[in-house]
Amino acid sequence: MKTLIKKTGLGALVALSLVMTQSSCTKDYDVYNTNPNGLTEEDLQKDNISAGIFLPEMQVNVFYCKTNDDYIYQLQQNLNADIFSGYFAPPGDFGGPNNSTYALKTGWNLWPFKVGYSGIMNSWREVHKRATANPQYIAIADILRVEGMHRVTDVYGPIPYTKFGTGVLSTPYDDQKTVYTAFFAELDAAIKVLSDFMVKNPTDNSLARFDLVYDGNIKQWLKFANSLKLRLAIRISYADPALARTKAEEAVNNPNGLLLTNADNALVIAGKGVPTRNGLWVDDISYKDTRMNASAESILKGFSDPRLSKYFNLSTVVPGDYKGVRNGISFSGKPDGYVNSSSSSLKESTPVQYMCAAEVSFLRAEGALKGWNMGGTAQSFYAEGVKLSFEQVNASGLDVYLANNTGTQAPYTDPINAANNIPANSPLLSKTTVKWDEAASAEQKLERIITQKWIAIFPDGMEAWSEYRRTGYPKIFPVLNNQSGGTIDTDKQIRRLPFSDDEYKNNTEEVTKAISLLGGPDNGGTKLWWDKKN
């Protein structure tokens with residue numbers, strides 16, 4: 001964390017501007033190894049550069065993965081969702097109370113908002129302004145906007161969205177139901193535009209030079225858009241089950257298809273003159289600021305899961321073993337010991353993943369469990385999701401794993417402080433197993449589906465945290481020291497981050513109104529609109 005403080009100067013963060021200036025626009029051009037000082041507006045109009053240049057800017061900001069300003073991913077996601085999801089935990093207290101003990105730090109928690117608007121929404125606006133003759137560019141930008149901004153609304157709740165760009169210093173917020181309704185409308189429109197474009201221009205690949213995800217392949221973007229639509233439909237299934245079912249069935253039955261194989265996975269691949277590196281790798285290996293969470297150790301060990309060694313490295317605090325760290329523990333007198341717990345096995349060049357085929361299978365499994373038309377049974381999609389996950393990480397032993405009806409979440413032993421242990425008889429441990437049981441209750445089946453989904457979508461802590469809040473699964477260990485001052489229930493765990501401190505400074509009237517749209521106080525204990533189950 002010393003690195004982060006040194007790089008950011010957290011006490012002097014610059015206020016977020018919702019207006020893209022010309023200087024910030026030209027700064028983005030250099031990702032194509034082009035001298036911005038030599039470009040005129042006329043130059044930019046050639047070969048669609050004017051619009052296309054903003055698409056990779058959107059792509060690398062969904063999860064910040066630029067090679068400069070490495071600390072941004074840490075603030076955008078690692079010091080919130082990655083911790084809250086049960087995937088990772090800090091190996092130190094960073095100098096005092098912080099997010100891992102629910103002492104939420106305003107200087108950290110504005111960053112999901114900041115990156116969303118400076119890196120995604122402003123670039124989206126530029127594509128719309130510049131690509132009037134290229135509807136496929138606009139459609140891809142719309143899909144990317146939904147992919148990026150659903151993660152932002154799932155952090156805070158209400159956000160400025162449908163009226164973005166209509167004001168400068170006073171941008172109204174939308175309640176989360178309105179935002180999700182807009183997401184579905186935008187995805188539906190983008191799917192139609194791309195479908196029509198693909199029919200009329202079957203060999204057009206002009207997007208390739210600007211596309212770090214699918215290299216300009218429109219068919220793949222359509223699969224991703226349908227899959228994203230399915231994800232969002234399942235997300236709202238407890239808040240608006242009728243709309244959720246309609247949108248989920250539309251997504252599954254769209255002739256353009258879904259992400260069905262690992263070749264379809266939506267990944268940000270470095271190239272085309274855009275230097276990227278995995279931000280989580282920076283936090284974990286370079287900074288040594290994050291380590292395996294005790295919940296991840298407990299679940300993966302309990303299932304004898306072959307993916308454990310694919311996701312994490314062996315620790316040195318307990319040589320030859322995989323060891324996690326609990327959130328909210330006391331580090332007094334143990335300044336360095338937990339740093340030797342298990343790090344992730346990510347590489348600097350590991351692609352950032354928006355979505356994988358395994359997730360789609362688990363989404364369909366849950367939809368089928370609800371009685372929706374998903375094209376198969378919950379059991380078949382469950383097994384397919386595990387299979388796809390094993391294939392994705394090249395894990396062996398699938399058949400034995402799927403037949404495991406005895407392994408359950410394992411007790412946890414802290415390697416340094418026994419006060420942090422979770423014994424075998426603890427109610428904090430789940431009794432669910434891997435093997436599908438058709439005679440089990442619907443809730444037991446749901447726990448199996450979400451637990452395996454949580455394993456399969458690793459290391460996307462934002463999506464995992466959202467699914468934990470939505471369903472209550474898997475069982476993630478609560479923080480040991482809750483320093484929220486009573487605003488966050490230890491057992492229910494954190495539900496959101498407070499609105500951006502920058503917004504209170506620069507958009508005061510509208511962010512104050514947004515609290516009424518939230519339906520509760522602006523703290524970490526207030527549930528989001530779709531968080532209706534528990």
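**A pocket and its salt bridges**

Let's start at the second largest pocket, where helix α18 gives the most to the lining, with 3 residues. Keep in mind as you look around that this is a predicted model. The space inside the second largest pocket comes to about 540 Å³. Its lining is made up of 26 residues, and those nearest the centre are Leu346, Thr350, Pro351, Phe458 and Pro459. If you want to find the parts of the chain involved, look for α6 (71-78), α14 (279-286), α16 (308-311), β4 (352-355) and α18 (378-393), the elements that each give two or more residues to this lining. What kinds of residues line the second largest pocket? Sorted by class, 14 are nonpolar, 9 are polar and 3 are charged.

Now let's turn to charged side chains. Side chains of opposite charge can pair when their charged atoms come close. How many salt bridges does the structure hold? The count is 39, and three of these pairs make good stops on our tour.

The first stop is in helix α9, which covers residues 111-130. Here arginine 130 and glutamate 126 meet through their side chains in a salt bridge, with 2.9 Å from N to O. Because the two residues sit 4 apart in this helix, about one helical turn separates arginine 130 from glutamate 126. Are these partners buried or exposed? Arginine 130 and glutamate 126 are both buried.

At the second stop, arginine 231 forms a salt bridge with glutamate 359, and their closest N and O atoms are 2.8 Å apart. This pair links distant parts of the chain: arginine 231 belongs to helix α12 (residues 218-235), glutamate 359 belongs to helix α17 (residues 357-369), and their positions lie 128 residues apart in numbering terms, that is, they are 128 residues apart. Both arginine 231 and glutamate 359 are buried.

The third stop brings together lysine 453 and glutamate 467, whose side chains meet in a salt bridge at 2.6 Å, N to O. Lysine 453 is in helix α20 (residues 442-456) and glutamate 467 is in helix α21 (residues 461-471), 14 residues apart. Once again the partners, lysine 453 and glutamate 467, are buried.

Finally, let's see how some of these residues connect. A network of salt bridges links Glu147, Asp154, Arg231, Arg235, Glu359, Glu366, Lys370, Lys453, Glu463, Glu467 and Arg470. You have already met some members of this network, including Arg231, Glu359, Lys453 and Glu467.

Key: Residues numbered from 1 in each chain as written. Predicted model: local features only at pLDDT ≥ 70, side-chain atom pairs only at ≥ 80, totals over all residues. Heavy atoms only, no water. 1 Å grid on protein atoms, 1.4 Å probe; cavity = no way out; pocket = protein on both sides within 12 Å on 5 of 7 lines; lining within 4 Å. Points joined across faces, edges and corners; volume = space filled by probe spheres on them. Nonpolar A, V, L, I, M, F, W, Y, C, P; charged D, E, K, R; others polar. Salt bridge = Lys/Arg side-chain N within 4 Å of Asp/Glu carboxyl O. Buried < 20%, exposed > 50% of the residue type's maximum accessible area, 1.4 Å probe, protein only.
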